[in-house]
Amino acid sequence: ATPMAIMVGTGLGAMNGILFKNAAALENATKLTVIVFDKTGTLTLGQPDVVEMVAAPGVSEGELLATAAAVEKFSEHPLALAVLKRAGTTPTEIASGFTNIDGQGAHATISGEVVLLGNLKLMQSESVAMEALAAESARLQGGGRTVVHVARGGKLIGLIAIADAVRPTSMATIAKLQERGVKVAMITGDNQATAERIGKELGIDIVLADVLPGQKAFKIKELQDQGHKVGMVGDGINDAPALTQADVGFAIGAGTDVAMESAQVILMKSDPYDVVGAIELSRATLRKMH
Ligand code: ADP
Ligand code: MG
């Protein structure tokens, strides 16, 4: 690209809230064959709310919420914030020994009992019996909810279903990229059923679910090994290695600093649709130089 065309291209981008950190990013954006979007905080608003609770027989919703909130108080996960918001100012119990289980949940101790909360995989790996709540968990996940399973003293005491609204432009972004000949993938640590439901709603081509934070970059590498030029759009700390691995990393402006440092393009308006703008701008810029 001529330096002049690149300058004009990056300048136009900046005026529209799309910051290309370097010329290579602008050039590489023209070549992308697949764009991988992180789910939470990228395609969705990242402001999840509790929408339903299912307590196990003999357990009240209040007990369920108090137990979960006592543990989530120590977590910085967006799901934890949803639980705390729902619990409000109701006095919770006191938990100690909080430990985060990366990409799965957390555990702590309350009154000498181990409390474990997180996804279904975590319950399975800790041999917590789902009993009567297995069907409820499947129903909620199939409906696109993220389910926080709560176990206390080795027994499941209930489910907390959380929903995170998709951003208003997510669907149009995906349709437009596909129209431009780019495949669209979604990557998430959330479970397969929830991810598939949201993927279907948005018309996503490839759904990559149950991906542990440490595996996101590896998934990008796998797509590259299949011959793809890969764009990655993310907001979180756990997206940083994938943003670096991608041929072009796009960070949501409202996301974490680490994501913005790892990406080559920053979407200042935190609007996924600006990925379309970035691709169109790069294509127009590169066309001008020939
Ligand atoms: P994402 O890729 O959507 O940001 P994470 O990798 O952070 O997801 O987490 C994956 C899954 O682990 C979540 O969908 C949730 O089921 C579970 N999880 C992780 N941390 C917590 C927590 N503090 N409370 C409840 N569930 C959690
Ligand atoms: Mg995210």
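Here is a short chat about how this predicted model is put together.

Visitor: Before we start, what pLDDT do local features need here?
Guide: This is a predicted model, where side-chain atom pairs count only at pLDDT 80 or more, totals for chains, interfaces and linings use all residues, and local features need pLDDT of at least 70. Residues are numbered from 1 along each chain as its sequence is written, while chains are lettered from A and ligands numbered from 1 in the order in which they are written. So much for bookkeeping; the cut-off for local features is a pLDDT of at least 70.

Visitor: Into which domains is the chain divided?
Guide: The bounds come from an automatic or database domain assignment. Taken over C-alpha atoms, the centres of the two parts, domain 1 and domain 2, are 31 Å apart. The parts are domain 1 (3-45 + 165-288) and domain 2 (49-163).

Visitor: Which helix gives the most to the side of domain 1 that touches domain 2?
Guide: Contact means C-beta atoms, placed from the backbone, within 7 Å, and on that basis 12 residues of domain 1 meet 14 residues of domain 2. The domain 1 side has 5 nonpolar, 4 polar and 3 charged residues (Ala, Val, Leu, Ile, Met, Phe, Trp, Tyr, Cys and Pro are nonpolar, Asp, Glu, Lys and Arg charged, the others, Gly among them, polar). Helices are DSSP runs of H or I with at least four residues, strands are E runs of at least two, and both are numbered from the N terminus. With 4 residues, the top giver is helix H9 (residues 192-202).

Visitor: How do the directions of H7 and H9 relate, roughly parallel or roughly antiparallel?
Guide: Ala138, Gln141 and Gly142 in H7 meet Ala193, Thr194 and Arg197 in H9. The axes of helix H7 (residues 134-142) and H9 come within 7 Å and cross at roughly 25°; axes are lines fitted to C-alpha atoms, for helices over the stretch in contact, with angles from 0 to 180 degrees between N-to-C directions. Angles under 35 degrees count as roughly parallel, over 145 as roughly antiparallel, 65 to 115 as roughly perpendicular and the rest as oblique. So H7 and H9 are roughly parallel.

Visitor: Where does ligand 1 lie with respect to domain 1 and domain 2?
Guide: Its shell has 22 residues, and the closest are Thr40, His77, Gly103, Asn119 and Gly189 (near means a C-beta atom, placed from the backbone, within 6 Å). By class, the shell holds 6 nonpolar, 13 polar and 3 charged residues. Both domains give residues to the shell, so ligand 1 lies between them.

Visitor: Which strands are the edges of the open sheet of 6 strands?
Guide: Strands pair if DSSP finds at least two bridges between them. The order is S3-S8-S7-S6-S5-S4 with antiparallel pairing, and S6 and S7 share 4 bridges, with Leu117 opposite Val150 in S7. Pairing on one side only, the edges are strand S3 (49-55) and strand S4 (95-101).

Visitor: And which helix packs on the sheet, touching S1, S2, S11, S12 and S13?
Guide: That open sheet has 7 strands in the order S1-S13-S12-S11-S2-S9-S10, with mixed pairing. Strand S11 (residues 230-234) and strand S12 (residues 248-252) are parallel over 4 bridges, and Val233 has Phe250 in S12 as its bridge partner. At about 50° to the direction of S1, the packing helix is H13 (residues 274-288).

Notes. Two residues are in contact if their C-beta atoms, placed from the backbone, lie within 7 Å.
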